[in-house]
Amino acid sequence: MRWKSLFLWVLQLMVFSAIFPPGVSADGVTPAEAKELRDEVRDMFYHAFDGYIKHAFPLDELRPLTCKGEDSLGGYALTLIDSLDTLALLGDRERFNAAVDWVSENVRFDIDKTVSVFETTIRILGGLLSAHLIASDYATGMKIQSYDDQLLHLSVDLAQRLLPAFDTPTGIPFGSVNLLHGVDENESKITSTAGGGTLTLEFGVLSRLTNNPVFEQVTKNAVRGIWARRSKINLVGAHINIFTGEWTQKDAGIGTSIDSFYEYLLKAYLLFGDEEYLFMFQEAYKAAMRYLHHDPWYVEVNMNSAATVWPLFNSLQAFWPGLQVLAGDVDPAIRTHAAFFSVWKKYGFTPEGFNLATMSVQHGQKSYPLRPELIESTYWLFKATRDPRYLDVGRDIVASLQYGARCPCGYCHIADVESHKQDDHMESFFLAETVKYLWLLFDLSVGPDNIVENGPYKYIFSTEGHFLPATPEISLVNEHCSYFGAFCKDGANNRYGIFETSFDHQKTNDTHSHGFFSSSVGQPKIQDSFSTSSFIKGHCPGLTHGQKFGISYSEDEENNYSSDTSQPQRHDVVVVTNPSLKPVGSDDGSNNTLELSEDLKVVHLSDNKDDKDGNQGTPS
C-alpha cells in the first residue's frame with residue numbers, strides 16, 4: 001500500500017499502540033464531566049484573557065490581584081501576541097481576527113528597549129509566526145481575508161534586530177540585545193545553555209518562510225557552539241562564556257538553564273528533518289539517562305565527573321516526560337511523571353524546587369508561577385497511552401488552579417505552595433501554554449475537534465506552546481526530488497506541482513528508483529542549500545549521508561563531528577517503526593538509556609511505498 005500522507009508523525013505508531021476509542025474517560029470522570037472540564041478550562045482562559053484586555057492591554061502583562069498592567073518584556077502587548085494561536089485553537093475567529101489586525105497595525109520593534117533574546121524569540125517571534133501561518137492559510141479554517149503577511153513582516157523585522165546578539169566568537173548569542181542599538185558594550189558575556197540553544201524552531205521557520213538562510217544558520221551555529229563544548233561524557237553545563245567558550249557553571253541537568261536545549265534538538269529534527277540535530281539528541285539523551293536519571297527522579301551532576309551536586313527536582317524538569325513521549329521512550333516517562341505529580345498532590349502545586357534528600361520544599365524556591373510543564377507532559381502521556389489516570393491528573397490540576405490561583409482579574413502566581421499565598425503577577429505563558437495544554441487534554445478525551453488534532457498538518461509545539469505546522473514549505477524546503485504534488489518555489493511564487501528546472505549533473509555511482517520514475521542520476525550543482533527550492537523532475541540525486549547533510553562523523557571518535565554547510569541537505573520524514581522503544585541498561589532497568597537509531601526509520605517522500613518491513617504509517 002502506498003503511503004497516504006506526506007507527513008508521518010513520530011508518534012504515529014506509538015500513539016496507537018494502546019489506543020482507546022474517542023470518549024474514553026477516567027474512573028470518576030464521566031464523558032459528560034470530561035466535556036464540562038474542557039468547557040471550564042475554556043472559561044479559565046477567557047477569565048484571564050478578558051482581564052488582561054480590560055485592565056492591562058496594551059501593556060505586556062496583567063497584575064491580576066490589583067487589576068492593573070505592567071510592561072515586563074518590551075512594551076508591545078506581550079500577552080496578546082502570546083495568546084494569538086490559543087484564540088485560533090479555541091475557534092474564536094472574531095477575537096483572533098481582531099487581535100491580528102491590532103498587532104499588524106500597532107506593534108513596532110524600532111524601540112529603545114533591551115530585551116531577552118530567548119524570551120523575545122519564544123514568546124514574540126514564535127507567537128507571530130504561529131499566528132501568521134494560521135491567518136494566511138485557508139486550510140486552517142481561520143484564514144483572514146484581509147491579511148497580507150503583516151505578522152511575517154513584523155517577524156522579519158524583529159529577528160533582524162536580534163541578529164547582532166549572535167556576533168560572538170563562539171556563535172552562542174548574548175543573552176540580551178537592544179532592539180534599536182544592538183548589543184550594549186557592557187552586556188554580560190555569560191549566557192545559559194537554554195538561552196543559547198532554544199532558538200532553532202522559530203528562526204528556522206522564519207528562514208524557510210522567507211527563503212533567507214541567515215536566521216536558521218545563526219541559531220544552528222549557536223547549537224553547534226554549545227554541543228562542541230560538551231564534556232567527554234556528552235553532558236553540557238548550565239552557563240557558558242560566549243567569548244571564551246568556558247563553562248562558568250558546570251552543573252548538568254534537565255531543568256533550569258538547560259531544559260529546552262534538549263527539547264529543541266529533537267523538535268528541530270522532527271520539524272526540519274535535519275539529522276545533525278537527531279545525532280546530537282541521541283548522544284545527549286543517552287548521557288542524560290545514564291548520568292542524571294535516578295529512577296524516577298533526575299538530579300544535577302558535575303558535567304565532567306558525573307558526581308551528584310544537587311539532588312533537586314525543579315519544576316522546569318516536568319517537561320521531560322513529554323519529550324520522552326516524542327522520543328518514544330514511554331515507560332520511564334510514566335514513572336517520572338507519577339513522581340512529579342506526587343509533589344503536586346502534596347502541595348496543590350509544584351514548587352520551583354523540591355529537595356530530594358529531605359523530600360521537602362527547597363528553601364527560597366517555594367513559588368509556583370503558573371508553569372505549564374507538568375500539564376504539557378500529562379497531555380502527551382494521555383495522547384500516547386489513553387490511560388485514564390491522566391484525566392484524573394488534569395482534573396486535580398484544574399481544581400488547584402481554580403481554588404488556589406484564581407483571583408479577581410485573572411490567575412495569580414502562588415508565592416508559597418505551602419501557605420498558598422498569592423502573588424500579583426500572571427505570566428503570558430499561562431494563556432500560551434498552561435490553559436492550552438489543559439484544554440487539549442480534555443478535548444482529546446471527549447473526541448477532539450481542533451486545528452491541532454484534526455487540522456490539515458502535523459504540528460510541533462515550541463517551548464512556549466506555539467504550534468508550528470510541518471507544511472511542505474517548512475519541512476521540505478531542501479527536498480531536491482520532485483513528485484506529483486510536490487511543493488515548488490519559483491522566486492516569489494509558491495505552488496504545488498512539478499516545476500521543470502535544468503541542472504548540470506555530476507556523475508555518481510548510485511542508481512535509485514524514486515517516485516514515478518527510475519533512472520541513473522547525478523548530483524545537482526547547488527550554490528546554496530537553503531535557497532535552492534526548485535526540483536528536478538523525476539530525479540533524486542544519489543548522495544551519500546555526508547553529502548546529504550554536510551556532516552561527517554568519525555567512527556573512531558563518536559563524540560567529534562565536522563560540518564560543511566556548503567553541501568546540499570535532504571530532509572526526510574520520520575516514522576517510528578517500533579512503538580515501544582526499549583531502554584538499554586541493566587536488567588533491573590536502573591540505568592535507562594535509549595537507542596533511537598535502531599527504531600527511528602526514515603522514509604523518503606519520493607519513494608511513496610511501504611517500507612521494506614511492511615510497516616505502514618498510521619494517522620495520529
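**Close-up 1. Thr-121 and the residues it touches.** Once neighbours within four places in sequence are set aside, Thr-121 is in contact with Gly-126, Leu-162, Leu-199, Glu-202 and Phe-203. As with every view here, please keep in mind that the model is predicted. Thr-121 belongs to helix H5, which covers residues 117–135. Is Thr-121 buried or exposed? Its relative accessibility is 0%, so Thr-121 counts as buried. Also worth finding in this view is Leu-201: 80 residues separate Leu-201 from Thr-121 in sequence, while their C-alpha atoms are 9.6 Å apart in space.

**Close-up 2. The salt bridge between Asp-39 and Lys-35.** Here the closest N and O atoms of Asp-39 and Lys-35 are 3.4 Å apart, and the two residues form a salt bridge. Both residues sit in helix H2 (residues 31–55), and because they are four residues apart there, about one helical turn separates them. How accessible are the two partners? Asp-39 has 31% relative accessibility and therefore counts as partly exposed. Lys-35, at 41% relative accessibility, also counts as partly exposed.

**Close-up 3. The salt bridge between Glu-276 and Lys-220.** Glu-276 pairs with Lys-220 in a salt bridge whose closest N and O atoms lie 3.3 Å apart. Which helices does this pair link? Glu-276 comes from helix H11 (residues 275–291) and Lys-220 from helix H9 (residues 213–227), so that distant parts of the chain, 56 residues apart, are linked by the pair. Glu-276 and Lys-220 are both buried.

**Close-up 4. The salt bridge between Glu-453 and Lys-383.** In this view, the side chains of Glu-453 and Lys-383 form a salt bridge, with an N to O distance of 2.7 Å. This pair, too, links distant parts of the chain: Glu-453 is found in helix H17 (residues 451–454), Lys-383 is found in helix H14 (residues 373–385), and the two are 70 residues apart. Are these partners buried or exposed? Glu-453 and Lys-383 are both buried.

**Close-up 5. A network of salt bridges around shared partners.** Which residues does this network join? Glu-61, Glu-119, Arg-123, Glu-427 and Glu-464 are brought together into one network by salt bridges that share partners. For the wider setting, the structure holds 28 salt bridges, among them the pair of Asp-39 and Lys-35, the pair of Glu-276 and Lys-220, and the pair of Glu-453 and Lys-383.

Note on methods. Residues are numbered from 1 along each chain as its sequence is written. Side-chain values use heavy atoms; hydrogens and water are left out. A salt bridge is a side-chain nitrogen of Lys or Arg within 4 Å of a carboxyl oxygen of Asp or Glu. Buried means under 20% relative accessible area, exposed over 50%, partly exposed in between (1.4 Å probe, protein chains only). Contact means heavy atoms within 4.5 Å.
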